[in-house]
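Here is a short guided walk through one protein model, written to be read with the structure open beside it. Let us begin with a question and then move inward.

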Amino acid sequence: MRLPIHTQIMPGLPTTMSVRLARLLSVALIGACLATPTLAKSKPKAHHASAPAKSSLVWRGDVATANGVVNEVAKAWEKSGHGRIELQPFNTASGIDAVASGTADLAGSARGSDNSAQNANLTFTPVAWDALVIVTQSSNPVRNLSLKQVHDIYYGRIHNWSEVGGNNAPIDVYAVASPGDGVEYSLRSLLFGRGNQPVAAPRLYVNTRKLEEGIALNPNGLGVSTLASISGNPKLKAIPINGRPATAANIADGSYPLFTPLYLVTNPRSPKAAQAQAFVDFMQTAPAEAALRKHAVLPYQDGAALVALDTSRRSRILAEVGARPVRGTPVSAPGATYAARAAIAPTSPDTVAARQAVERRRADEKDNARLSRIQGSVSDVTVSSVTHANGSATTREQAAGKNFGEVDANASQTMTTYKVAKGDTLSTIAKRHSVEVAQLREWNHLKNDQIKLGQVLRIRNR
């Protein structure tokens, strides 16, 4: 017989429970005691998991600056315990737009501010020096270009590699489509006196990386990149300029003429402005400078003397290439503008306008004659379709004094022919006869610069 067990829960209130219930209660109490230390230990872990992580910064910008500056320096920054840099390399315009709109904290650019309203609200800090390099495929035999030759290639005056010591093949000029691309802008600023100069480069790419990939596949390709960007790429070579190769030493002493600062761009109104500035300041530390030198990039402090050389360098380059700083659209821009815009959007209103500008210019060249070596004054003269004419003029009416009121002119143009010989190109023939390539194409109804051995060309005498 099982005897009841009496226990007193409250005074005066006896309660009876079975032995089995008592055992179960004991087990439960022991389990609760054992669980208490475990719960106590778990509380600090939960608190630790909720601690805020180190903040990261977003960098966006051109591929050249990413390769030359940010990749290695970002690793040094993170290794020093400052946090993480998220890299989004694309092109200059996208980086500056992102910093201005707040979707990125830092931008990379191979050009300074263009003084636009957007750029005026941002801070451009130079952090390094790099070389602008004219690149072609490694198999291309050309070993040197003068600044004048580079200028004329981009201007559309030189079309064939044979004109600069290479093979008889057209020069396929590549460029980045974005008008504000840092690398393109800086080169054009040096060669033409303004960074937004239109050039004769119908092959357009979204960024420098894609441009490099295109040239690596084409032995006749040519474009501009930076020394840091192509460093270690066996498929590309940088052509020396005026006999000077692009090296860190030649950048430092200014003997390589196409050097350029690299910039980090920040927004002083950004919530992370202080952290972004801390990264900019980090560029002056020993770990950051060591990271730059791995890519043949010169830390900005090491090239302090280049700042003083910049103004005289720009003037010297413009004088050498026969250019000067210009305002408005230069004479050659319509053709270059049309070539560039047609490659991007053939049917856009801007492209149509550019084509009409080209057609108007060509019509003017056909319909307007040039009068030279004339003494006195000539007024109310109309001449149609006569260029470099030989003939005679008769005075119909002579006004008082030395001025002629009306003149009848009958003139005939003389044409000669030329038979294409071995090694000839349209450019060399044009130069030999002191005419333009475009005129040879027009006179002979040529669609491009390709000519055949033995082909007979019509050439107007000057």
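Is N242 buried, partly exposed or exposed? With a relative accessibility of 35%, N242 counts as partly exposed. Please keep in mind throughout that this is a predicted model.

**Two loop residues with positive phi**

N242 sits in the loop between β10 (236–239) and α9 (248–252). Its backbone deserves a look, since the phi of N242 is near 55 degrees, a positive value in a residue other than glycine. As background, most residues other than glycine have a negative phi. S434 is another residue to look at here: its phi is also positive, near 55 degrees, and S434 is not a glycine. You will find S434 in the loop between α15 (426–432) and α16 (437–443). At 46% relative accessibility, S434 counts as partly exposed.

**Helix α6 and its two ends**

Now turn to helix α6, which spans residues 182–192. Ten of its eleven residues are buried, so the rest of the structure largely encloses this helix. The buried residues are G182, V183, E184, S186, L187, R188, S189, L190, L191 and F192. Charged residue types such as E184 and R188 appear in that list together with leucines.

At the N-terminal end of α6, D181 acts as the cap: one of its side-chain oxygens lies 3.2 Å from the backbone nitrogen of V183. After the other end of α6 comes G193, with a positive phi near 90 degrees.

**Aromatic pairs**

How many aromatic pairs does the structure hold? There are seven. A pair of aromatic rings is described by the distance of the centres and the angle of the planes. Two of the pairs are set out here.

| Ring pair | Distance of centres | Angle of planes | Arrangement |
|---|---|---|---|
| F124 and Y263 | 6.4 Å | 75 degrees | edge-to-face |
| Y155 and F192 | 5.7 Å | 25 degrees | stacked |

Take F124 and Y263 to begin with. Their planes stand at 75 degrees, so the pair is edge-to-face. F124 belongs to strand β6 (residues 123–137) and Y263 to strand β11 (residues 259–266), so this pair ties together parts that are 139 residues apart in sequence. Both partners are out of the way of solvent by the numbers: F124 is buried, with a relative accessible area of 15%, and Y263 counts as buried at 16%.

In the pair of Y155 and F192, the planes are at 25 degrees, so the rings are stacked. Y155 lies in helix α5 (residues 147–155) and F192 in helix α6, so the pair ties together parts that are 37 residues apart in sequence. F192 is buried, with a relative accessible area of 4%, whereas Y155 is partly exposed at 23%.

Elsewhere, ring pairs link W77, F279 and F282 into a cluster.

**Arginines over rings**

Two arginines are placed over aromatic faces. R111 lies over the face of Y185, at 5.3 Å from the ring centre. R313 lies over the face of F259, with 3.7 Å to the ring centre.

R111 has a further partner, as its side chain makes a polar contact with the side chain of N119 (3.2 Å). N119 lies in helix α4 (residues 117–120) and is buried, with a relative accessible area of 1%.

**Around helix α5**

How does α5 sit against helix α12 (residues 304–321)? Their axes come within 8 Å and cross at roughly 70 degrees. That angle makes α5 roughly perpendicular to α12. The crossing of α5 past α12 is right-handed.

H151 also has its place in helix α5. At 3% relative accessibility, H151 counts as buried. H151 and A323 are 172 residues apart in sequence, with 9.0 Å between them in space, C-alpha to C-alpha.

**Back to strand β6**

One more residue rounds off the tour. Q137 lies in strand β6, the strand that also holds F124. Is Q137 buried or exposed? At 13% relative accessibility, Q137 counts as buried. Its side chain makes a polar contact with the side chain of S139 (2.4 Å).

Methods. Residues numbered from 1 in each chain as written. Predicted model: local features only at pLDDT ≥ 70, side-chain atom pairs only at ≥ 80, totals over all residues. Heavy atoms only, no water. Buried < 20%, exposed > 50% of the residue type's maximum accessible area, 1.4 Å probe, protein only. Helix = DSSP H or I, 4+ residues; strand = E, 2+ residues; numbered from the N terminus. Polar contact = N/O pair within 3.5 Å; in protein donor to acceptor, adjacent residues only side chain to side chain. Phe/Tyr/Trp six-rings, centres within 6.5 Å; stacked < 30°, edge-to-face > 60°. Lys NZ or Arg CZ within 6 Å of the ring centre and 35° of its normal. Axes fitted to C-alpha atoms, helices over the stretch in contact; angles between N-to-C directions. Parallel < 35°, antiparallel > 145°, perpendicular 65-115°, else oblique. Left-handed = near helix turned anticlockwise from the far one by under 90°.
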